[in-house]
Amino acid sequence: MTPVTVRVPAKVNLQLSVGPRRDDGYHDLVTVFHAVSLFDEVSVRPANRTSVRVTGQDAASVPVGRANLAARAARALADVLGSRGQSAVRIEIRKRIPVSAGLAGGSADAAATLVACNELWGTGLTHSELGDVAAGVGSDVPFALLGGTAVGQGRGERLTAALAAGTYHWVLAFAAGGLSTPEVYAACDRLRTARVARTGGAGAAEAAGPGDSADDPPRELVPDPALSTELMAALRSGDPGAVGPLLSNDLQPAALSLRPDLRLALTAGRDFGALGAVVSGSGPTCAFLAANADQARELAVALTSAGVCRGVVRVQGPAAGAAIVAAERG
Ligand code: C5P
């Protein structure tokens with residue numbers, strides 16, 4: 001039987017503002033997600049038991065057992081449907097999005113699996129119901145369903161589409177190896193605690209609340225995350241020259257503390273004329289905003305010859321969210 005195939009984009013964060021750690025271990029965020037034209041493809045077909053096969057970029061480092069986010073997404077949807085679902089599927093993931101790269105590739109595969117199973121099983125779930133299932137699978141999964149440019153709040157799962165004009169030309173510089181998202185958030189907490197101690201926040205440990213770990217800064221000293229109105233205005237104007245200097249990421253110091261070599265890539269990109277340079281999400285991918293397609297081409301060549309990364313791709317944003325490219329309902 002013909003499988004259902006879904007194409008799903010990677011994301012970069014144009015703003016990532018991180019608040020204090022919550023009691024559930026997550027951090028409250030305000031983020032501006034932006035989907036870019038680097039796509040994974042996921043195919044699902046009915047099977048006797050659920051299995052995952054991964055090919056392409058970094059395939060060997062994707063877990064294929066129960067921990068696989070795509071398999072978890074299929075199970076989460078089957079659980080919601082109860083007896084309405086035919087729950088087992090064979091999932092084939094063709095990866096172009098690097099793994100543990102700050103581009104939400106695993107979340108993208110989970111979102112694609114939700115869309116594919118939704119079609120395969122003819123569930124009739126609305127987009128918003130599918131979004132609720134997505135939020136249960138991971139913080140970035142709802143955005144991979146939606147695509148475009150959107151503001152994320154809460155853990156990142158509460159989305160509002162953003163008014164953004166124009167097309168943005170990016171160069172993504174991939175790093176050798178990946179970074180673990182929980183480790184980057186933990187490093188962010190440690191750096192904040194150290195800064196509080198340095199800047200006279202004495203009594204930090206005493207001030208820590210019951211849910212705080214020893215590594216956490218006192219919650220009242222971490223500002224609540226807030227949306228950059230300047231960035232939103234720049235996005236509405238569609239001017240990459242206005243957007244570039246406003247790219248920001250609270251996780252960047254933490255990612256750089258774990259991977260100091262990324263500084264070389266960021267500096268090189270700026271020196272080669274990028275309008276903005278930022279670590280994507282929890283890293284280690286660095287995203288460079290170019291003025292137009294020609295400048296993106298030049299930047300990609302310059303970064304490659306500078307030897308500051310393991311590879312580059314040119315992408316455009318905003319890209320559409322997870323969408324079916326081939327299907328035959330079972
Ligand atoms: O939701 P997801 O599984 O993608 O998150 C992975 C990890 O990233 C979480 O377990 C948590 O350590 C960290 N995280 C966080 N705050 C968020 C999102 C993710 O601390 N808002």
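Me: How should I judge whether Thr-123 is buried or exposed?

Reply: Thr-123 is buried, because its relative accessible area is 11%; buried means under 20%, exposed over 50%, and partly exposed in between, with a 1.4 Å probe and protein chains only. The model is predicted, so local features need pLDDT of at least 70 and side-chain atom pairs count only at pLDDT 80 or more, whereas totals for chains, interfaces and linings use all residues. Residues are numbered from 1 along each chain as its sequence is written, and side-chain values use heavy atoms, with hydrogens and water left out.

Me: Where is Thr-123 placed, and which backbone atom lies 3.1 Å from a polar atom of its side chain?

Reply: Helices (H or I, at least four residues) and strands (E, at least two) are DSSP runs numbered from the N terminus. Thr-123 belongs to the loop between H2 and helix H3 (127–137). A polar atom of the Thr-123 side chain is 3.1 Å from the backbone nitrogen of Leu-125.

Me: Which residues surround the ligand?

Reply: A residue is near a molecule if one of its heavy atoms lies within 4 Å of it. Around the ligand are Gly-25, Tyr-26, His-27, Leu-29, Gly-138, Ser-139, Arg-155, Thr-181, Pro-182 and Tyr-185. This shell consists of four nonpolar residues, five polar and one charged. In that count Ala, Val, Leu, Ile, Met, Phe, Trp, Tyr, Cys and Pro are nonpolar, Asp, Glu, Lys and Arg are charged, and the others, Gly among them, are polar.

Me: Which elements each supply at least two residues of the shell around the ligand?

Reply: They are strand S2 (27–46) and helix H5 (181–198). H5 gives the largest share, three residues.

Me: Which polar atoms of the protein approach the ligand, beginning with His-27?

Reply: A polar contact is a pair of N or O atoms within 3.5 Å; within protein, one must be able to donate a hydrogen and the other to accept it, and residues adjacent in sequence count only if both atoms are side-chain atoms. A polar side-chain atom of His-27 is 2.7 Å from a ligand oxygen. For Ser-139, an N or O atom of the side chain is 2.6 Å from an oxygen atom of the ligand. Arg-155 takes part through its backbone, an N or O atom of which is 3.0 Å from a ligand nitrogen. Of the 460 Å² of accessible area that the ligand has on its own, the protein covers 76%; these areas come from the Shrake-Rupley method with a 1.4 Å probe.

Me: Where does the ligand sit?

Reply: The ligand sits in the largest pocket. On a 1 Å grid over the protein atoms alone, a pocket is an open set of points with protein on both sides within 12 Å along at least five of seven lines. A molecule sits in a pocket if more than half of its atoms lie within 2 Å of its grid points.

Me: What else characterises His-27, and is it buried or exposed?

Reply: His-27 is part of strand S2. Because its relative accessibility is 5%, His-27 counts as buried. Its side chain also has a polar contact of 3.0 Å with the side chain of Asp-189.

Me: Which residue that is 278 residues away in sequence from Ser-37 is 5.2 Å from it in space?

Reply: The residue is Val-315, and the distance runs from C-alpha to C-alpha. Ser-37 is in strand S2 and is partly exposed, with a relative accessible area of 27%.

Me: What is unusual in the backbone at Ser-100 and at Ala-104?

Reply: Most residues other than glycine have a negative phi, and most peptide bonds are trans. Ser-100 has a positive phi near 50°, and Ala-104 has one of about 60°. Ser-100 lies in the loop between strand S4 (89–95) and helix H2 (105–120); Ala-104 lies in the loop between S4 and H2. Ser-100 is partly exposed at 43% relative accessible area, whereas Ala-104 is buried at 17%.

Me: Which peptide bond leading to Pro-284 is cis, and which one leading to Pro-318?

Reply: The bond from Gly-283 to Pro-284 is cis, with omega near 5°. Pro-284 is in the loop between strand S9 (276–279) and strand S10 (286–290). Gly-317 and Pro-318 are joined by a cis bond with omega of about 0°, and Pro-318 is in the loop between strand S11 (311–317) and strand S12 (323–326).

Note on methods
On a 1 Å grid over the protein atoms alone, a cavity is a set of points where a 1.4 Å probe fits but cannot get out, and a pocket is an open set with protein on both sides within 12 Å along at least five of seven lines; lining residues have an atom within 4 Å of a point.
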